[in-house]
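Trainee: I would like to go through this protein with you. Please show it first.

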Amino acid sequence: MASPNSPVRRVAATVVALVACSTLASAGTATAGTGAPLSPHVTTVPLAQGLYQSAYSERNDVLWATASVGQPPAPTTGSRLLRIDPGTLKVEAAYTPPSDGTVEAVYGIDVDDEHNTLWVTNTRNNSVAVYSQRTGRHLATRLDVNHSREVVVDERRDIVWASSFSDGSLVAFDSRTFAEIRRVTVEGSGPTGLALDERTGTVYAADFTNSRIIQLAPGSSAPRLLPTGTGPLSISLSRDGRTAYTADQGSGTLSVVDLRSGTLTRSVPTGEGAKSVATEPCSGNVLVVNRLAAGVSVVDPRAGSVVETVATNAYPNHVKVAGDGTAYVLDKSASGPVGEDGLTRIRLRSGAHKGC
């Protein structure tokens, strides 16, 4: 089975499976689907080696990012949790995960603003961990989340969900006590990206292995399985929770799935190696990171078309959209002066104001 974290250079294109102060670098470019320039405000900075994912804290107005150096089978040589000023894009602090001889390297991330904590996946250690947002202190590690990939926080219900790729499980933890409270296994599945419907508490996982979505509602004894595109790695929801979007690495597409009928309604080509997806809340547009195409596609899911393409450094890896419509894209380009990966900030025109 191909791993969703495999280095992209080693995998055939048809199945691509898966700190210092920053200084400003050249801005990316943006073009419309017609080729006309749209010129959103785009800034790119070299940040740190080994970037993976980011999460934005509204409580603290901070962008958090994970960084881990060392691709399997090589050992991890270093890992950091980065606290970034979203205005200046400078690293304010870097926190080192614990080590017992093996670095507890951080990869996936989400914030719990209610409890002022961070939850991360320690993929190579088969665990998840909790950190303080205030001090960066490591608070707890929870084991037995095999090839833990992503986490998503349900603040309203005090639950944190993690995807356990290797054994096909979704694992829930109490965000107050850090104890495991639920585990649902879908035999033969490979869950990767996660999304949460905050109103209902329903969690959705992209099943990379079987090209489908796993939907798990609170109190449900069995998950619902929905079709989507080939090799989905990441998943996002529309603002009303009625539609799911997946970034399909195998087919280089954005899939649009009607969650009421359980049908795949659109497949929008975005670019080779589609890897990460996020929804812009005001416009409803969807951003897709295309790892091998070195860019971000902004898709109007209702029209089924790409309305903007924003160039990034090589190998963009993850996109996070904050509530004000600002998108943050991490890459694995090693293009900085001393081999740093980069952060690209895109101020989307539709998100220039809060509150929609």
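Trainee: How many helices and strands are there in the protein?
Mentor: This is a predicted model: local features need pLDDT of at least 70, side-chain atom pairs count only at pLDDT 80 or more, and totals for chains, interfaces and linings use all residues. Residues are numbered from 1 along each chain as its sequence is written, and side-chain values use heavy atoms, with hydrogens and water left out. Helices (H or I, at least four residues) and strands (E, at least two) are DSSP runs, numbered from the N terminus. The protein has zero helices and 29 strands.

Trainee: Is R83, which meets E92 in a salt bridge, buried or exposed?
Mentor: A salt bridge puts a side-chain nitrogen of Lys or Arg within 4 Å of a carboxyl oxygen of Asp or Glu. E92 and R83 meet at 3.2 Å, N to O. Buried means under 20% relative accessible area, exposed over 50%, partly exposed in between (1.4 Å probe, protein chains only). R83 has a relative accessible area of 18%, so R83 is buried.

Trainee: How many residues apart in sequence are the parts that D144 and R183 tie together?
Mentor: D144 forms a salt bridge with R183, the closest N and O atoms being 3.5 Å apart. D144 lies in the loop between strand 10 (138-143) and strand 11 (148-154), and R183 in strand 14 (residues 180-185), so the pair ties together parts that are apart in sequence by 39 residues.

Trainee: Which residues are linked with D144 in a network of salt bridges?
Mentor: D144 is partly exposed, at 45% relative accessible area. R183 is partly exposed too, at 27%. The network links D144 with E180 and R183.
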